[in-house]
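Please open the model in your viewer and keep the selection panel at hand. The stops below are meant to be followed in order.

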Amino acid sequence: MRVIADDIDWNAYANDADDGRADVRRASDWADAVAKLFHGEDEQAVGTATPWAKVENRIMFRPGEVTLWPGINGHGKSGTVGYVMLNAMVHGARACIASHEMAPEATMSRMCRQAAGSNLPTLELIERFHRWTDDRLWLYVHRGAVTPQRMIAVSRYCRKELGVDHMVIDSLMKCGIAPDDYNGQKNFVDALCVLARDTGLHIHLVHHMRKGERETDVPDKFGVKGAGEISDLVDNVLIVFRNKRKETQLETETDPKKRDEAAVMPDSFLICAKQRHFTWEGKVSLWFDKDSQQLLEGPSAGRHYIDFASGTWKQEWKR
């Protein structure tokens, strides 16, 4: 894991200056790309997959796109994105996490548990994990307010100088934009979309949902906090939703049969509310393993760990 210093001349990366001539091309230049969209069977599989095999290629994190990760406070947005980044690194991608809501050691502690499949990784494993993250993972650590311009510069720097494939910004509301500044939010998200498209970087933007009447109500993309254009501008919207109804039922239900029925219900859902370039939308059921902080594919699924020698996931055990 590399920490990005804060003494870089960010102004040099705030704008990608050119005179615009490179953007004007003949329409026929896209003939091959259009042919792939119609006839390329593997076109949808381009990009980084999720950690869950059952999702297959219905959700992919493709170069040049922006994924919005909205969710209710405490529903596991950051942990889910961190797990997705681990999986991306296992598959050869590089990532940078700009977390303005968690200390670096807290971010790395959770990711270490996810990588180890354990609630208490050994000292040796902690050291091996951090060595493994070198040239795979960077953290942007900045104390104080972060402006939208700075986040654009940091993202461009990570792509241009470090070869980063995935940039996590956690979260939108920590980027120096007032909650009621809808124009500022729209302009920032639009700038992120332009940056992703022009550089091939995939940007993951963590965000919050508006407060509803009940935390058990399943949200949709129209509940995203702030400017309505946020959901319109991004390529993908993946909502992380924690099944509070199940938790309440397990706490209050006295009938053993009903408790058993509740126990196998999903702990969380990953709701694909938008994919601009592909048609699949739907809900992925997931089960939370508290020790490893992993989201598993089924109630009896085994948690995984990274074999640092081979750099691959291996299944540890079945619950």
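A residue counts as buried here when its relative accessible area is under 20%. With that cut-off in mind, and remembering that this is a predicted model, select F129, which has a relative accessibility of 0% and therefore counts as buried.

Keep F129 displayed and add W132, since both residues lie in helix 5, three residues apart, or about one turn of the helix. W132 is also buried, with a relative accessible area of 6%. The two rings form a stacked aromatic pair, with 6.5 Å from centre to centre and 25° between the planes, and the structure holds nine aromatic pairs. For another part of the aromatic network, select W10, Y13, Y140 and Y157, which ring pairs link into a cluster.

Return to helix 5, residues 123–133, and select T133. At 0% relative accessibility, T133 counts as buried, and, leaving aside neighbours within four places in sequence, T133 is in contact with M1 and M108.

Next, show helix 4 (residues 104–116) together with helix 5: the two pack at an angle of about 100°, with their axes 10 Å apart, and they are therefore roughly perpendicular to each other. Which residues make the contact? On the side of helix 4 they are M108, M111, C112, A115 and A116, and on the side of helix 5 they are L125, I126, F129, H130 and T133. Coloured by class, this contact shows eight nonpolar residues, two polar ones and no charged ones.

Now hide the helices and bring up the sheet, which is open, comprises 10 strands in the order 1-6-5-7-8-4-9-10-11-12, and has mixed pairing. Strand 1 (2–4) and strand 12 (294–296) stand at the edges, and each has a single partner strand, so one side of each is left without a neighbour in the sheet. If you look from strand to strand, neighbours in this sheet are turned by 25° against each other on average, with direction ignored.

Within the sheet, select strand 7 (residues 166–170) and strand 8 (residues 202–208), which pair in the parallel sense over five bridges. To locate one of the bridges, pick V168, whose bridge partner in strand 8 is H204.

For the last stop, restore helix 6 (residues 148–162), which lies across strand 1, strand 5 (95–99), strand 6 (137–140) and strand 7. Viewed against strand 7, helix 6 runs at about 160°.

Technical notes: Residues are numbered from 1 along each chain as its sequence is written. This is a predicted model: local features need pLDDT of at least 70, side-chain atom pairs count only at pLDDT 80 or more; totals for chains, interfaces and linings use all residues. Side-chain values use heavy atoms; hydrogens and water are left out. Two strands pair if DSSP finds at least two bridges between them. Helices (H or I, at least four residues) and strands (E, at least two) are DSSP runs, numbered from the N terminus. Axes are lines fitted to C-alpha atoms, for helices over the stretch in contact, and angles run from 0 to 180 degrees between N-to-C directions. Contact means heavy atoms within 4.5 Å. Buried means under 20% relative accessible area, exposed over 50%, partly exposed in between (1.4 Å probe, protein chains only). Angles under 35 degrees count as roughly parallel, over 145 as roughly antiparallel, 65 to 115 as roughly perpendicular and the rest as oblique. Ala, Val, Leu, Ile, Met, Phe, Trp, Tyr, Cys and Pro count as nonpolar, Asp, Glu, Lys and Arg as charged, and the others, Gly among them, as polar. Rings of Phe, Tyr and Trp (its six-membered ring) pair if their centres lie within 6.5 Å; planes under 30 degrees apart count as stacked, over 60 as edge-to-face and the rest as tilted.
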